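Grab your viewer and let's work through a few salt-bridge exercises together. Each task comes with a worked solution.

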Amino acid sequence: NATIGTDVNWLPTDQVTVCLVRSKADATQRQSATFGVYDTAGGAAARRLGAHLPWDDGNIYWDFGGATSPNRLTISGQSFSALLIDRFVLTAGPAGSAVYRNGVLIGSQSTAISRSSGGDYFSLNSGNTTSAGDLQAFNYFAMHNRQFTAAEAISWSQNPWQLFKSRRDLVNSP
């Protein structure tokens, strides 16, 4: 688990996009968080910014400002395999929330949502009121303080490394 810092000034509150590339070490579903704000104060769901990819019930949960709908997006019917590399894009904000897995929209809702900030810790491989992480390897993690469009989410999924190219390289590439 890696604690990044406290949620005081730097975590987005009105809109966000999280992009990550990761692989699970096994297919076991655990009570674990992939990333999130760890609620040290207790009962502060309004500060949530985190995901379970998946929780032990097999569902994906993407929380932004709460642990119930519309602030929680719940997605069922996904399966996970050992060592399979997944590219996730999770968005939340004025356009609602959405989760893309490997360039495919797997769940969304259209109600505008936001979150409040607090002094809790943000972590990779824990958070969302659980200190437990999954057995997984992160290859890439980025958080943007804006909500990606569907086209941007799909484009990033096709080539996560494009954000590291200069504008000149993008214009001149075939």
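A salt bridge here means a side-chain nitrogen of Lys or Arg within 4 Å of a carboxyl oxygen of Asp or Glu. Keep in mind that this is a predicted model.

**Exercise 1.** Find out which residues are linked in a network of salt bridges, and how many salt bridges a search of the whole structure finds.

*Solution.* Start with the total: the search turns up seven salt bridges. Next, pick out the network, which links Lys24, Asp26, Arg30 and Asp134.

**Exercise 2.** Take the pair Lys24 and Asp134 and work out which parts of the chain their salt bridge ties together.

*Solution.* First check the distance: the closest N and O atoms of Lys24 and Asp134 are 2.4 Å apart, and 2.4 Å is within the 4 Å cut-off. Then locate the partners: Lys24 sits in strand β2 (residues 16–24), while Asp134 is in the loop between β10 (121–124) and β11 (136–144), so the bridge joins parts that are 110 residues apart in sequence. Finally, look at accessibility. Lys24 has a relative accessible area of 3% and is buried; Asp134, with 6%, is buried as well.

**Exercise 3.** Are Arg72 and Asp63 buried or exposed, and what about Arg146 and Glu152?

*Solution.* Arg72 bridges to Asp63 with the closest N and O atoms 2.7 Å apart, and both residues are buried. Now turn to Arg146 and Glu152, whose side chains meet in a salt bridge at 2.8 Å, N to O. Arg146 has a relative accessible area of 36%, so call it partly exposed. Glu152 comes in at 28%, which also makes it partly exposed.

Terms used: Residues are numbered from 1 along each chain as its sequence is written. This is a predicted model: local features need pLDDT of at least 70, side-chain atom pairs count only at pLDDT 80 or more; totals for chains, interfaces and linings use all residues. Side-chain values use heavy atoms; hydrogens and water are left out. Helices (H or I, at least four residues) and strands (E, at least two) are DSSP runs, numbered from the N terminus. Buried means under 20% relative accessible area, exposed over 50%, partly exposed in between (1.4 Å probe, protein chains only).
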